[in-house]
Amino acid sequence: MTTSITKQLLVIGNGMVGQHFIEQFLSRADAAQWQLTVFAGEDRPAYDRVHLSEYFSDANADKLQLAADSFYRDNDVSLKLNEAVLAIDREAKTVTTAKARYFYDKLVLATGSYPFVPPIAGNDKPHCLVYRTIADLEAISASSKDAKVGVVIGGGLLGLEAANALKLLGLEAHVVEFAPQLMPVQLDKDGGELLRSKIAQLGVSVHTDKATSSISEGTEQRLQLNFSDGSVLQTDVIVFSAGIRPQDQPGKDAGLELGARGGIVINNQCQTSDSDIYAIGECALYQGQLFGLVAPGYQMARTAAAVLCGDSSQSFTGADMSTKLKLLGVDVGSIGDAHGRTPGSISLRYRNDLAGEYRKLVLSADGKQLLGAVLVGDNSYYDTLLQYALNGLALPADPHSLILPQSNSKPLLGPAALPDSATLCSCHNVSKGAICAALDGGVQDLAGIKSCTKAATGCGGCAALLKSVVEHELSARGVAVSTDLCEHFSYSRQQLYHLVRVDGIKTFNELIKSHGRGHGCEICKPAVASILASCWNEPVLAKPHVALQDTNDTFLANMQKNGTYSVVPRIPGGEITPAMLISIGKVAEQYQLYTKITGGQRIDLFGATLDQLPLIWQQLIDAGFETGHAYGKSLRTVKSCVGSTWCRYGVQDSVSMAILLENRYKGVRAPHKIKMAVSGCTRECAEAQSKDVGVIATENGWNLYVCGNGGMKPRHADLFATDLTDEQLLSYIDRLLMFYIKTADRLQRTASWMNNLEGGLDYLRDVIIHDSLGLAAELEAQMQLLIGNYQCEWQTVLNDPAQRARFNSYVNAAAPARSEFGFVPERGQLIPTRQLNNKENTL
Amino acid sequence: MSQLAYALENQPEIQQQPVLLCQQQDLVPYSGVAARFAEHAIALFYLPGKEVELYGVSHIDPASGAPVMAHGLLGESKGAFYIAAPLHKQQYQLSDGQCLSDSTLKLQVFNVQLQHGQVWLLPPME
């Protein structure tokens, strides 16, 4: 396409920074004038070293890969895997590999670093390894087979990561550190001590102040570490993690200027002493400093890409080395001058050995500015402190309140207080000003901000802060919160409910044609399906409704994290005969289902594959069970205590009432799930006051409580009516539920529904008890229709071969073996294979 | 991470000839079904009467590794169709598999076609 001659750009190294450079470079228009060739020493394209230890949780290196294989092809990048550069000839402007010689116009060195192995006698024995590449991990993994003990030499950030890896491999893990404390670079003495005790509690033995003098053959284990103080430690595997050194050999051989202790010297344009050669990432040295974190490397990559394309607006002027991470599950954060080395600086500390938390602030001599901080045990303070430190914001008068726990006066650094220059996302260098500019430019929501600015798409550490800034700025711009259900319907759920009922609409297609637009989405489809079911109570899997249901409703089961399902048969009132209990047990045993008693007095069976669901339900239905609707926005359970039948305190038969209620309302679809309970006396053993509908027995009948719930925001139910007869109780609940179904918003539980009704509880009493709207008869009749149309959805499915076929995992292949989903034994049952999710920011 | 997903991602076998996956009547209008070819699990979404009537994307949820994408809800925004992952509701464009809420996630797209009542998997388009 371009008319100018194609120039050759060679990149040596395809690590995280090298890959970021390629992406940054390609995103520039001038990139079209260049042919890009990338040399990788490893046999795989760039992968995520930050999350390296995840390799051990699922043994899948491909998941760590940063870009799809097609990325290089699609962008015309020539990626030379397994082709390390042997020499650079600056006169001829060529690089030489074992395979060929390549000309360059410009050259980028992104060679990264290599692990430093201390010069200890015996460090080259078998099972003495390092921790940096996937090949290293494979070696550690191989060495750990038939091994019992593993030792990491080096108690820094990477060393503790490596110790975690050894632990994941099932080894007894030890960490040996030369300094008197762990993480001496980032933490002070107290922080290091606390980290040590927390890590020891997790089963990793920590040995500080230990210099290893030699490694010899072991007697019990394969190897023996001999320390300078005469002590020894036997182990099967040794992993060196005693720091990294810049991989500057190619630059050194080519005569580029290096630092006294290594590193290729660069200027603020990321150019080396040869202006046609750039260096970025861990191999580069800027003003005497190396940068071993991913964010500064990305900044260098951005700068080099800009300069190469003639954009001189960007420069690299050093980077903040603050870091927060989770090591073996322990929060650790370090900001700026963590050691208080600034002359005259003062410090404030909070130390709580009971809770296992430590925080330190390093302040300027006048106490007005934050220079640095150390956090162990709780990183929730990190974001605010980092913003104070990076932006030089004036501290509050009582800076210690920034690190005190649960203090009511804790001055939160709100999004409004941040200056426009504040960097929110350091991976992609996005400032608050850039966010505001994007919002002013027409971006309307968080998702839009993420895709337009790339903020929070790197390590993700700033996600919470970004969200609060975007929300604050949106509301400051007067963006109104719309009550429209979604882009397809300009109505609230309540309005749609009325339209469906008034117009007698029976399908989603009718409704979207007459009152909506487009084709629907995952918001409106299940909402309309629920309205249709609430109005007409046709089976949710009847043909016109199949494509509307959320997965759980589609398959009448609850999807779990590994793609298998759980099964919950209805056990009305929690009463079950021994024979029925045995039949559940038999099914669970036959299909090896993980079995757990739920909070609602029933039994949840986990781990069934899609294909197994009809087989399992056939057996359960044959044994006399019916579906428990655990998957639906509908009545879950009516919990009960044993009541007057057995209990010497009971005044009414709570179990019979619970069974009556559960059978009456089972299957009725509602805006959200509904829970009920019946207690046989005022001692309230069924915890009815935490339910949407709670019934408590009195000497004279029943007290009715409404609109309570447990969950994220617990709320006690309100006393609604007292001393009701059975008939009164049922008619009030009929009316209440039907009124809720007709008027609540999508996914609104009864508690917030009532809070949003003008007049609240009193208004509800007027409508339900005093019939102020003249609706009572209609509400009861509509509820009667729903009750009359009840069917066990699983029975319906089993009776219909076409519906049953929906439960085949594959339309063209046999059912997958359950083992394909990944299960491991735990306490005598099978649970999903564990996954780690350690989204933190280290390299 | 399921072992199925592991096998799928590790053995990307690219077929050279068209392969018959299933019949049209196996598809569910405006919803998804899953089909298998070699180590691949493919989610097929059928949109009768639309400009593109059939989409094929990976059945494996990129966020969780679980084989569940065919069970996601079909959605539409400004005329473009997407699938909402059933576990955590990330949205993936059917045309190219790109996740709309997380630029690092992407579904593999398969070249599928409906011909004379049969569903075919064609060699990938370059």
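A:Leu704 touches A:Val693, A:Gly694, A:Val695, A:Asp718, A:Leu719, A:Phe720, A:Ala721, A:Leu724, A:Leu729, A:Tyr732 and A:Ile733, leaving out residues up to four places away in sequence. Contact here means heavy atoms within 4.5 Å.

Before we go on, a word on the ground rules. This is a predicted model, in which local features need pLDDT of at least 70 and side-chain atom pairs count only at pLDDT 80 or more, while totals for chains, interfaces and linings use all residues. Residues are numbered from 1 along each chain as its sequence is written, chains are lettered from A and ligands numbered from 1 in the order in which they are written, and side-chain values use heavy atoms, with hydrogens and water left out.

**The cores**

A:Leu704 is also one of the residues that touch the most other members of the largest nonpolar core, together with A:Phe489, A:Ile733 and A:Leu764. That core has 66 residues. A nonpolar core is a set of buried Ala, Val, Leu, Ile, Met, Phe, Trp, Tyr and Cys residues joined through side-chain atoms within 4.5 Å; buried means under 20% relative accessible area, exposed over 50%, and partly exposed in between (1.4 Å probe, protein chains only). Helix α20 (residues 726–743) of chain A gives the largest share of this core, 10 residues. Helices (H or I, at least four residues) and strands (E, at least two) are DSSP runs, numbered from the N terminus. A second, separate core of 52 residues includes A:Val77, A:Ile264, A:Val294 and A:Ala301. In soluble globular proteins, nonpolar side chains tend to be buried together.

**The two chains**

Chain A contains 25 helices and 39 strands. Its C-alpha trace spans about 95 × 70 × 65 Å along the principal axes. Of its 843 residues, 54% count as buried. Among chain A contacts between residues at least 6 apart in sequence, 63% join residues at least 24 apart.

Chain B has 1 helix and 10 strands, and along the sequence the helix is followed by the strands, in the pattern α-β-β-β-β-β-β-β-β-β-β. In chain B, 53% of the 126 residues count as buried. Of the chain B contacts between residues at least 6 apart in sequence, 44% join residues at least 24 apart.

**Where the chains meet**

Chain B and chain A each bring 44 residues to their contact. The area buried between them is about 3400 Å², with carbon and sulfur atoms giving 52%; buried area is the accessible area (1.4 Å probe) that two parts lose on being put together, summed over both. There are 14 residue pairs in polar contact across this interface, both residues being at pLDDT 80 or more. A polar contact is a pair of N or O atoms within 3.5 Å; within protein, one must be able to donate a hydrogen and the other to accept it, and residues adjacent in sequence count only if both atoms are side-chain atoms.

On the side of chain B that touches chain A, the elements giving two or more residues are α1 (3–10), β1 (19–23), β2 (32–37), β5 (73–77) and β6 (80–84) of chain B. The residues on that side divide into 22 nonpolar, 14 polar and 8 charged. In this scheme Ala, Val, Leu, Ile, Met, Phe, Trp, Tyr, Cys and Pro count as nonpolar, Asp, Glu, Lys and Arg as charged, and the others, Gly among them, as polar.

**Salt bridges**

A salt bridge is a side-chain nitrogen of Lys or Arg within 4 Å of a carboxyl oxygen of Asp or Glu. The count over all chains is 33, and between chain B and chain A it is 2. Here are some of them.

| Basic residue | Acidic residue | N to O distance |
|---|---|---|
| B:Arg36 | A:Glu820 | 3.4 Å |
| A:Arg349 | A:Asp190 | 3.9 Å |
| A:Arg669 | A:Glu793 | 2.9 Å |
| A:Arg827 | A:Glu826 | 3.1 Å |

A:Arg669 is buried, because its relative accessible area is 3%, and A:Glu793 also counts as buried at 10%. A:Glu826 is partly exposed at 25% relative accessibility, whereas A:Arg827 is exposed at 72%. Salt bridges that share partners join A:Asp188, A:Lys189, A:Asp190, A:Glu193, A:Arg349, A:Arg351, A:Asp353 and A:Lys360 into one network.

**An exposed phenylalanine**

A:Phe178 lies in the loop between β11 (172–176) and α6 (189–201) of chain A. A:Phe178 counts as exposed because its relative accessibility is 62%. Neighbours within four places in sequence aside, A:Phe178 is in contact with A:Asp209, A:Lys210 and A:Ala211.
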